[in-house]
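Please walk through the model below with attention to a few loop residues, taking backbone angles, burial and side-chain contacts in turn.

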Amino acid sequence: MAKKSSFAVSSFGVMLLLVQNVCGVEYQVGGSKGIWGVPSDPDAQSLNQWAESRRFQIGDSIVFNYQSGQDSVLLVNQDDYNNCHTESPIKHFSDGHTIIKFEKSGPHYFISGIKDNCLKNEKLVVVVLADRNKQYSSPPPAPVEEPQSPPPEAPAQMNPTPSPTAEEPPSNAASSSTSIIRLFLGLTGMVATSMILL
């Protein structure tokens, strides 16, 4: 009986690890008690400090909780973020419980839809890391350009600029080893849990 229950617990642990890697993680902006609003405590961690302490990946989501009708969330570009421009956002959310799933890497800029709130630091930058699990194929061959003859009256000129070459895609050996290490640690934890339960 104990072996069956330890196997079930171990299997559940492995399943959770796999689901987390496939589905992503959902973060509530500001932490478990975080509310999207003007910071009321000057000693509290800022929203950007909160975001900097996390490693957001493609497929992860963030949740903004706020009072609908009294605030909103704007997805903006960097210039609008820096200057609290609320006039032309990329996207506008006002439902009170906004969930945004990250589909691309890079910085994502959010500000309050109320300019005065943004000026009081109700804004957030989330940097989403590149997808390290993406498999790269070999780069396409560099285009071959046929040399063009100069007009007969103009002398031929040398161009010291080298022809463009395709860049080598980043090696995913590090990400592959990271995935293997994660799997190894997960399995080690599963075995240790099974031994403890026996």
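In what follows, contact means heavy atoms within 4.5 Å. The model is a predicted one, and a useful place to begin is Asp 71, which sits in the loop between strand E2 (61–65) and strand E3 (73–76). Leaving aside residues up to four places away in sequence, Asp 71 touches Trp 36, Gly 37, Tyr 66, Ser 112, Gly 113, Ile 114, Asn 117 and Glu 122.

What is the nearest side chain of opposite charge to Asp 71, and how far away is it? That side chain belongs to Lys 120, and it is 11 Å away, so Asp 71 has no salt bridge, for which a side-chain nitrogen of Lys or Arg would have to be within 4 Å of a carboxyl oxygen. Asp 71 is nevertheless buried, and its side chain is joined to that of Ser 112 by a polar contact of 2.7 Å.

Two further loop residues deserve a look for their backbone angles. Cys 84 lies in the loop between helix H3 (78–83) and strand E4 (91–93), and its phi is near 55°, which is a positive value in a residue other than glycine. Cys 84 is buried, its relative accessible area being 2%.

Asn 121, in the loop between helix H4 (115–119) and strand E7 (123–128), is another residue other than glycine with a positive phi, here near 80°. Is Asn 121 buried or partly exposed? With a relative accessible area of 36%, Asn 121 is partly exposed, whereas Cys 84 is buried.

Terms used: Residues numbered from 1 in each chain as written. Predicted model: local features only at pLDDT ≥ 70, side-chain atom pairs only at ≥ 80, totals over all residues. Heavy atoms only, no water. Helix = DSSP H or I, 4+ residues; strand = E, 2+ residues; numbered from the N terminus. Buried < 20%, exposed > 50% of the residue type's maximum accessible area, 1.4 Å probe, protein only. Lys, Arg positive; Asp, Glu negative; His and termini not counted. Polar contact = N/O pair within 3.5 Å; in protein donor to acceptor, adjacent residues only side chain to side chain.
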